[in-house]
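User: I'd like to practise reading a model like this one, feature by feature. Can you walk me through it?

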Amino acid sequence: MGLLTPSKGLIYAILNSYAERESGYWKLRDEDIAATRREELNNIYKLIEAVGKRLNYTTRKQDKLLHWEENGNRVRTFNVLASALLGRAVQDAAPDTIIVIPGGRAALAAYQQDRAPSLAARLKKHPLVKYRLLRTLLKVPILTRETFEEQIASDPVEKSTGQMMMF
């Protein structure tokens, strides 16, 4: 094994993030098939826009970023990811940026933060929000700007509780 060979832990964190074991083989999860994930990304953009509208923000899309604005001023930025490329997401992120990831990437995100303290420190400035939380927010009857902040902190990214398999 060379210096750039990933650890077994990282390999399994990635496999468990994108695939599932089936009859002794790894199979890409249905939600991670490219067309399905693209459709899901489009739905998440619509959800963010709907939540923003409910909170009386206007939404503006800029490349892959979504901005909530009030009176022409940016209030929040959402960087919606299909992957767990968090280092790239926080690299040039504005201070008001929320990083949105699929729930299936949460354990991989937690693994990355455990292994890279500098990444964990940068992510403290940018909340990580799972797709499922955004779906839930639309159902919250008393959602306000203040409760929005509480809600996005209510579903933290955590390590996988499953036992990793050994080679």
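User: Let's start with strand pairing. Which residue in β4 is the bridge partner of threonine 58?

Analyst: Keep in mind that this is a predicted model. To read a pairing, pick one strand and look for what stands across from it. Here the bridge partner of threonine 58 is glutamate 69 in β4. That pair belongs to an antiparallel pairing of β3 (residues 58–62) with β4, made over five bridges.

User: Which residue takes a positive phi in the hairpin of β3 and β4?

Analyst: Go to the turn and check the backbone angles there. This hairpin has two residues between its strands, and aspartate 63 takes a positive phi near 55°. Aspartate 63 is not a glycine, yet it has that positive phi. You'll find aspartate 63 in the loop between β3 and β4.

User: Is aspartate 63 buried or exposed?

Analyst: Exposed, because its relative accessibility is 71% and the cut-off for exposed is over 50%. Asparagine 71 is worth a look too: it sits in the loop between β4 and β5 and has a positive phi of about 55° without being a glycine. Asparagine 71 also counts as exposed, because its relative accessibility is 77%.

User: What about the strand residue just before that first turn? How exposed is glutamine 62?

Analyst: Glutamine 62 is in strand β3. With 36% relative accessibility, glutamine 62 is classed as partly exposed. For its place in space, try a C-alpha distance: glutamine 62 and threonine 77 are 15 residues apart along the chain, and 9.8 Å separates their C-alpha atoms.

User: Is there a general rule for where side chains point in a strand?

Analyst: Yes, in a regular strand the side chains alternate between the two faces of the sheet.

User: Where else can I practise on a hairpin? How many bridges join β1 to β2?

Analyst: Four, between β1 (residues 19–22) and β2 (residues 25–28), which run antiparallel. Alanine 19 faces leucine 28 of β2. This hairpin also has two residues between the strands, and serine 23 takes a positive phi near 55°.

User: Now the interior. Which residues touch the most other members of the largest nonpolar core?

Analyst: For a core, look for its best-connected members, then for the elements that supply them. This core has 23 residues, and those touching the most other members are Ile44, Ile48, Trp68, Phe78, Val80, Val100 and Phe148. At least two residues each come from α2 (34–54), β4 (65–70), β5 (73–80), β6 (97–101), α6 (131–137) and α7 (145–152). The largest share, six residues, is supplied by α2. Another core, of 13 residues, lies apart from it, with Leu81, Ile99, Leu123 and Val157 among its members.

User: Let me zoom in on one residue. Why does isoleucine 48 count as buried?

Analyst: Isoleucine 48 counts as buried because its relative accessible area is 0%, and the cut-off is under 20%. Isoleucine 48 lies in helix α2. Setting aside neighbours within four places in sequence, isoleucine 48 contacts Leu66, Trp68, Phe78, Val80, Val100 and Leu134.

User: And what does valine 80 touch, leaving out residues up to four places away in sequence?

Analyst: Valine 80 touches Leu41, Ile44, Tyr45, Ile48, Lys64, Val100 and Tyr131.

User: Is arginine 37 buried or exposed?

Analyst: Check the number rather than guessing from the residue type. Arginine 37, in helix α2, is buried because its relative accessible area is 9%. Beyond its neighbours within four places in sequence, arginine 37 contacts Arg29, Glu31, Asp32, Ala82, Pro102, Arg105 and Tyr131.

User: Which elements do the buried residues of α4 pack against?

Analyst: They pack against α1 (8–18), α3, β6 and β7 (128–130). The buried residues in α4 (residues 106–115) include Ala106, Leu108 and Tyr111.

User: Last one, pockets. What volume does the second largest pocket have?

Analyst: About 250 Å³. After the volume, read the lining: among the residues lining this second largest pocket are Leu41, Tyr45, Lys64, Val80 and Arg88. By class, the lining has seven nonpolar, two polar and two charged residues. As for elements, α2, β5 and α3 (86–91) each supply at least two of the lining residues.

How values were computed: Residues are numbered from 1 along each chain as its sequence is written. This is a predicted model: local features need pLDDT of at least 70, side-chain atom pairs count only at pLDDT 80 or more; totals for chains, interfaces and linings use all residues. Side-chain values use heavy atoms; hydrogens and water are left out. Two strands pair if DSSP finds at least two bridges between them. A nonpolar core is a set of buried Ala, Val, Leu, Ile, Met, Phe, Trp, Tyr and Cys residues joined through side-chain atoms within 4.5 Å. Buried means under 20% relative accessible area, exposed over 50%, partly exposed in between (1.4 Å probe, protein chains only). Contact means heavy atoms within 4.5 Å. On a 1 Å grid over the protein atoms alone, a cavity is a set of points where a 1.4 Å probe fits but cannot get out, and a pocket is an open set with protein on both sides within 12 Å along at least five of seven lines; lining residues have an atom within 4 Å of a point. Grid points are joined across faces, edges and corners, and a volume is the space filled by probe spheres set on the points. Ala, Val, Leu, Ile, Met, Phe, Trp, Tyr, Cys and Pro count as nonpolar, Asp, Glu, Lys and Arg as charged, and the others, Gly among them, as polar.
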